[in-house]
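Notebook open, coffee poured. I want to look up how the parts of this chain meet and where the backbone does odd things.

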Amino acid sequence: MILSDPQFVAQIETWGARFAPEQPLREHTSLGVGGPADLIVIQRLEALEPVTEGLRQRGIAWGLLGGGTNVLAADEPHQKVYLRLAPNSHDIEFRGNTVRVPAAAELGRSVMECAKRNLGGMEGLVGVPGSVGGALRMNAGAYGTEIGPLVRSITVFRGSTGRREELVPQGGVSFQYRKSSFASDDIMLGVTLELKERPFREILDHVKLLNQRRRGSQPLKEKSAGCIFKNPPGLSTGKLIDELGMKGTGVGGAVVSERHANFLVNRHSATASDFFRLMDLIRERVLRAYGVELEEEVIVWKN
Ligand code: EPU
């Protein structure tokens, strides 16, 4: 246990947060691997300032756990406290064709809430798992839609200063392919998105079509973290790995999906180290065959 100061733990509760010691990260990540870590669930956003200040004073490092859908957490006990914002997806505010969404809201659900108000343009993102905050950090994208270009402003808690800031894309925040300009200790609190007015039925038909395509090409029923590597410019990593005949290749319980070769799935109670070894093997083979260095898309948490 990293956080072992009973007085601080008691204070945390009064600020509107909850301490959950030694949580196995395999139960909090979609990949289903990861050793124990102390979590603090932030139930009231006002708790962020005193909690992070208290951790800073005690010299305790912290990180942020969102939906846990794009994380590969090491098996060893984690030497950090992870903060998690309690989900709060019903608080979307609508104003014309702009919407204000809490960062802890689930992305897919938010897309559908907006659709019900005849607001579209986010359909491609409906099957992307995880929270809105996680999607912003990674500039999540699928089927021709990325979240970045829809952003009008973001409220962020800066871990470095303990202050909140309102950022707009023209000044202070930028998005690239699966990447944003946020620092690792920035915590997204909420975002204003500009959407397109479109009839609900039309949005729904598009969503159904994309879901069908996704089901046909991705192993949605298995434990995974989505695509493990980024696509190199102009190439598809899935295709490269597939062409090497690596579908079905496994290390321990970690296996290259037969459905999509850039998805590694947890099939037999895999450990994080199984995934690390399988990723090394893939990287080596792709480098040798194509001279291409693969870059991780998944966020790796190691001590
Ligand atoms: N392909 C293969 N074998 C495979 C996988 C793909 O030959 O095992 C071929 C496909 O047939 C197709 C091409 O590769 O011709 C591209 O495949 P796909 O349409 O599945 O797209 P992708 O580039 O592999 C990207 C994103 C996905 C996103 C899809 C759909 C990345 C790394 N991946 O995959 O995002 O869902 O497009 O838009 O950018 C994620 O970010 O976690 C993710 C899964």
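Below are my entries on the domains, one helix, a threonine and a few positive phi angles.

**Entry 1: what I'm looking at**

Reminder to self: this is a predicted model. I pulled the domain assignment, and it splits the protein into domain 1 (6-85), domain 2 (93-201) and domain 3 (221-301). I went for the pair formed by domain 1 and domain 2, whose C-alpha centres sit 23 Å apart. On the contact list I have 13 residues from domain 1 and 14 residues from domain 2.

**Entry 2: the area between domain 1 and domain 2**

How big is the area buried between domain 1 and domain 2? I get about 1,000 Å², with carbon and sulfur atoms giving 69% of that. I use this value because the size of an interface is often given as the accessible area lost when the parts come together.

Next I asked which three residues supply the most of the area that domain 1 buries against domain 2. They are Glu-49, Trp-62 and Leu-85, and between them they supply 39% of domain 1's share.

**Entry 3: polar links across the boundary**

I counted one salt bridge between domain 1 and domain 2. Arg-164 makes a salt bridge with Glu-49, and their closest N and O atoms are 2.9 Å apart. So much for charges; for polar contacts between domain 1 and domain 2 I count three residue pairs, with both residues at pLDDT 80 or more.

Which elements give two or more residues to the side of domain 1 that touches domain 2? I find H2, strand E3 (62-64) and strand E5 (81-85). H2 gives the most to that side, namely three residues.

**Entry 4: a closer look at H2**

H2 runs over residues 48-57, and I list Leu-48, Val-51, Thr-52, Gly-54 and Leu-55 as its buried residues. They span an arc of only 155 degrees around the axis, so they fall on the same side of H2. I then checked the face turned away from that buried side, and it carries the exposed residues Arg-56 and Gln-57. Just past the helix, Gly-59 has a positive phi of about 65 degrees.

**Entry 5: Thr-69**

I found Thr-69 in the loop between E3 and strand E4 (71-73). Is Thr-69 buried or exposed? Its relative accessible area is 18%, and with the cut-off for buried at under 20%, Thr-69 counts as buried.

I looked up what surrounds Thr-69, leaving out residues up to four places away in sequence: it touches Ser-30, Pro-129, Gly-130, Ser-224, Ala-225 and Gly-226. For Pro-129 I also have a distance, since its backbone oxygen lies 3.4 Å from a polar atom of the Thr-69 side chain.

**Entry 6: positive phi without a glycine**

Two more backbone angles to write down. Asn-118 isn't a glycine, yet its phi is positive, at about 60 degrees. I place Asn-118 in the loop between helix H3 (107-116) and strand E8 (119-120). Asn-118 is partly exposed, with a relative accessible area of 37%.

Ser-269 isn't a glycine either, and it takes a positive phi of about 45 degrees. Where is Ser-269 found? I see it in the loop between strand E19 (264-266) and helix H7 (272-290). Ser-269 is exposed, at 69% relative accessible area.

Methods:
Residues are numbered from 1 along each chain as its sequence is written. This is a predicted model: local features need pLDDT of at least 70, side-chain atom pairs count only at pLDDT 80 or more; totals for chains, interfaces and linings use all residues. Side-chain values use heavy atoms; hydrogens and water are left out. Buried means under 20% relative accessible area, exposed over 50%, partly exposed in between (1.4 Å probe, protein chains only). Helices (H or I, at least four residues) and strands (E, at least two) are DSSP runs, numbered from the N terminus. The arc is that of the directions from the helix axis to the C-beta atoms. Domain bounds come from an automatic or database domain assignment. Contact means heavy atoms within 4.5 Å. Buried area is the accessible area (1.4 Å probe) that two parts lose on being put together, summed over both. A salt bridge is a side-chain nitrogen of Lys or Arg within 4 Å of a carboxyl oxygen of Asp or Glu. A polar contact is a pair of N or O atoms within 3.5 Å; within protein, one must be able to donate a hydrogen and the other to accept it, and residues adjacent in sequence count only if both atoms are side-chain atoms.
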